[in-house]
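Reader: I have just opened this entry and would like a friendly tour. Could you walk me through it with a few questions?

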Amino acid sequence: MAIASKKRGKFITLEGMDGAGKSTHIPTIIAALKARGIEVVSTREPGGTRLGEQLRALLLHDAMHAETETLLMFAARREHIETVITPALKRGAYVLSDRFTDATYAYQCGAKGVSASKIKQLEKWVQGKLQPDLTLLFDVPVEISMKRLITAREPDKFEREDAKFFEKLRSAYLTRAEENPTRFRVIDANQALDKVKVIVENIVSTI
Ligand code: TYD
């Protein structure tokens, strides 16, 4: 007797500049999906695996060439896809990743100048056909995100960049959203937290 194959889960990613507030909404998304009886695997990039978390520590704190950074991001991503993302999607779970490849296009390409075609090659190699089903882009003006970053926490190397870097980042993210309108939802995150929460819940209820 043939065993009915389980329906593939959905892959949701969260993106935005540092300080846009995306991570704040992770518990809301998890709760909304769980309330529908969905298994949720919440993860992040760079990271998500033991090796990936070790690479994250290097990536966030050590100075390196922007292409080295790109290659390490994709090395961590390869492991993440292999050991976490694909198995979860196959068993029908939803995967919620705090950042994915759009961040490489925004940070390493848009803000640091790595060629988009090199990133595209790595994307194809590492991901094959895997793409997020839904990407929430938390968008705020640069002054707001920079203001939000002035916290007690010690900033990582990306958070120490200047306004010019952040402008390039924001525009690269918005361009990605324009180029991929079916999977992107751009959220105006420059409003009260409870308002953003409702918007997030509404979007997630559609997937
Ligand atoms: P972030 O997601 O902002 O975590 P936290 O809220 O703990 O600071 O930090 C990850 C950093 O890594 C962020 O500054 C963006 C950067 N990054 C890239 O530059 N390229 C990538 O491909 C990814 C996934 C992240």
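Reader: How many positive and negative side chains does the protein have, and how far apart do the centres of the two sets lie?
Author: Welcome! Keep in mind that this is a predicted model. The protein carries 33 positive side chains and 27 negative ones. The centres of these two sets are separated by 6 Å.

Reader: In what pattern do helices and strands follow each other along the sequence?
Author: There are 8 helices and 5 strands to place. Read along the sequence, they give the pattern β-α-β-α-α-β-α-α-β-α-α-β-α.

Reader: Why is the protein said to be as compact as a globular protein of that length?
Author: The globule rule gives 17 Å for 207 residues. The protein is as compact as a globular protein of that length because its radius of gyration is close to that value, at 17 Å.

Reader: What percentage of the residues count as buried?
Author: Let us start from the outside: the protein exposes about 10700 Å², with 55% of that supplied by carbon and sulfur atoms. Turning to the inside, the share of the 207 residues that count as buried is 48%.

Reader: Which helix gives the largest share of the largest nonpolar core?
Author: This core has 43 residues, and Ile29, Leu33, Leu96, Tyr107, Leu136, Phe138 and Val200 touch the most other members. The largest share of the core is 6 residues, and they come from helix H7 (residues 163-179). Apart from this core lies another one of 19 residues, with Val84, Ala88, Val95 and Val126 among them. The helix you asked for is H7.

Reader: Which residues does Ile29 contact, leaving aside its neighbours within four places in sequence?
Author: Ile29 is one of the buried residues of helix H1 (residues 26-34), along with Ile26, Thr28, Ile30 and Leu33. The cover over the buried residues of H1 includes strands E1 (11-16), E2 (40-44), E3 (94-98) and E4 (134-139), as well as helix H8 (193-204). Beyond its sequence neighbours, Ile29 is in contact with Leu14, Leu96, Leu136, Val200 and Val204.

Reader: Is Leu130 buried or exposed?
Author: Leu130 sits in the loop between helix H5 (116-127) and E4. Not counting residues up to four places away in sequence, Leu130 touches Arg8, Phe11, Ile81, Ile85, Leu89 and Phe100. Buried means under 20% relative accessible area. Leu130 has 12% relative accessibility, so Leu130 counts as buried.

Reader: How far apart in space are Ala88 and Arg8, C-alpha to C-alpha?
Author: Ala88 belongs to helix H3 (residues 66-90) and counts as buried, at 1% relative accessibility. Leaving out residues up to four places away in sequence, Ala88 touches Val41, Ala93 and Val95. Ala88 and Arg8 are 80 residues apart in sequence, yet their C-alpha atoms are separated in space by 8.7 Å.

Reader: Which peptide bond is cis, with omega near -10°?
Author: Look at the loop between E2 and helix H2 (50-61), where Pro46 is found. The cis bond leads into this proline, and runs from Glu45 to Pro46.

Reader: What is the phi of Arg99?
Author: Arg99 lies in the loop between E3 and helix H4 (101-111), and counts as buried at 11% relative accessibility. Its phi is positive, in a residue other than glycine, with a value near 80°.

Terms used: Residues are numbered from 1 along each chain as its sequence is written. This is a predicted model: local features need pLDDT of at least 70, side-chain atom pairs count only at pLDDT 80 or more; totals for chains, interfaces and linings use all residues. Side-chain values use heavy atoms; hydrogens and water are left out. Helices (H or I, at least four residues) and strands (E, at least two) are DSSP runs, numbered from the N terminus. The radius of gyration is taken over C-alpha atoms; the globule rule is 2.2 Å times the number of residues to the power 0.38. Buried means under 20% relative accessible area, exposed over 50%, partly exposed in between (1.4 Å probe, protein chains only). Accessible areas come from the Shrake-Rupley method with a 1.4 Å probe; for residues, only the protein chains shown count as cover. Lys and Arg count as positive and Asp and Glu as negative; His and the chain ends are not counted. The place of a charge is taken as NZ of Lys, CZ of Arg, CG of Asp or CD of Glu. A nonpolar core is a set of buried Ala, Val, Leu, Ile, Met, Phe, Trp, Tyr and Cys residues joined through side-chain atoms within 4.5 Å. Contact means heavy atoms within 4.5 Å.
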